[in-house]
Amino acid sequence: MKKCFSCCLAVTAFLLLLSCSHDEMLDKLEEIKAVGNENPTTAFAMLDSLELDVRTESEYVRAKYDLLKIRLNDKAYIAHTSDYMIRQLVNYFNENGNVADKQEAYYYAGSVYRDLDDTPRALENFLNSLDCADDNKYCDVVMLRNTYSNLTYLYTKVQA
């Protein structure tokens, strides 16, 4: 029953998104992000259904799509094997993103480096995410909590 619902949801998302505008596409990515908090597998299916349409969108939408893909991998506990994509996204959002975009990009860069066992870079990026959250009164508080959790884990790992 869950698989049927997931498939129906993915197909519906695909059909609804065939003619999305820039803002509609960003809204759909936010919806997928919310689904990913509870069910990354369903969110992956929804995200994959957008791939062709996203590639014709603005660079900002493509960057949000790629960051969401990294986020869903992290939510699904799929270890990252390369930092290539996140390095590009951090650079992009530093130049073109708002504070919330930067907070998220740095957080997931920290997660990527944590998975790659590069503790110094992981710490640096989690601390940058923390700085962005401090500069933004509307920061993502769940991400802020997770940032502190990751920092505690990494500091403990370094001291052990």
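Reader: Let's start with one residue: is N37 buried, partly exposed or exposed?

Author: Happy to begin there, with the reminder that this is a predicted model. The label depends on relative accessible area, where buried means under 20% and exposed means over 50%. N37 has 38% relative accessibility, so N37 counts as partly exposed. The residue sits in helix α2, which covers residues 22–38.

Reader: Which residues does N37 contact, leaving aside its neighbours within four places in sequence?

Author: With those neighbours set aside, N37 is in contact with R71 and K75. You can also look at the backbone here: the C-alpha atoms of N37 and L72 lie 8.3 Å apart in space, though the two residues are 35 apart in sequence.

Reader: How many helices and strands does the protein have?

Author: The protein has 9 helices and 0 strands. Read from the N terminus, the order is α-α-α-α-α-α-α-α-α. For the overall packing, take the contacts between residues at least 6 apart in sequence: 63% of them join residues at least 24 apart. Of the 160 residues, 47% count as buried. The accessible surface comes to about 9100 Å², and carbon and sulfur atoms account for 55% of that.

Reader: Let's take one helix. Which residues of α9 are buried?

Author: The buried ones are M143, L144, N146, T147, N150, L151 and L154. Looking down the axis of α9, you find these buried residues within an arc of 160°, so they line one face of the helix. On the other side of α9, the exposed residues are V141, R145, T152 and Q159.

Reader: What covers the buried residues of α9?

Author: The cover includes α5 (59–75), α7 and α8 (119–134).

Reader: How far does α9 reach from its first C-alpha to its last?

Author: Helix α9 runs over residues 141–159, and its 19 residues reach 27 Å, close to the 27 Å expected at 1.5 Å a residue. Have a look at the start of the helix too: a side-chain oxygen of D140 comes to within 3.1 Å of the backbone nitrogen of V142.

Reader: Now for a charged side chain. Is R114 buried or exposed?

Author: Apply the cut-off again, under 20% for buried. R114 has a relative accessible area of 19%, so R114 is buried. You will find R114 in helix α7, residues 99–115.

Reader: Which side chains make polar contacts with the side chain of R114?

Author: One polar contact, of 3.2 Å, is with the side chain of D74. Another, of 2.7 Å, joins R114 to the side chain of N150, and N150 is one of the buried residues of α9. Not counting residues up to four places away in sequence, R114 touches D74, A122, F126, N150, Y153 and L154.

Reader: And the backbone angles: what is phi of Y77?

Author: Phi of Y77 is near 60°, which is a positive value in a residue other than glycine. Y77 is placed in the loop between α5 and α6 (84–96). Its relative accessible area is 78%, so Y77 is exposed.

Reader: Where does D117 lie, and what is its phi?

Author: D117 lies in the loop between α7 and α8. Phi of D117 is near 60°, again a positive value in a residue other than glycine. Check its accessibility against the exposed cut-off of over 50%: D117 is at 59%, so D117 counts as exposed.

Notes: Residues numbered from 1 in each chain as written. Predicted model: local features only at pLDDT ≥ 70, side-chain atom pairs only at ≥ 80, totals over all residues. Heavy atoms only, no water. Helix = DSSP H or I, 4+ residues; strand = E, 2+ residues; numbered from the N terminus. Buried < 20%, exposed > 50% of the residue type's maximum accessible area, 1.4 Å probe, protein only. Contact = heavy atoms within 4.5 Å. Areas by Shrake-Rupley, 256 points an atom, 1.4 Å probe, with all protein chains shown as cover. Polar contact = N/O pair within 3.5 Å; in protein donor to acceptor, adjacent residues only side chain to side chain. Expected span 1.5 Å × (residues − 1). Arc of directions from axis to C-beta.
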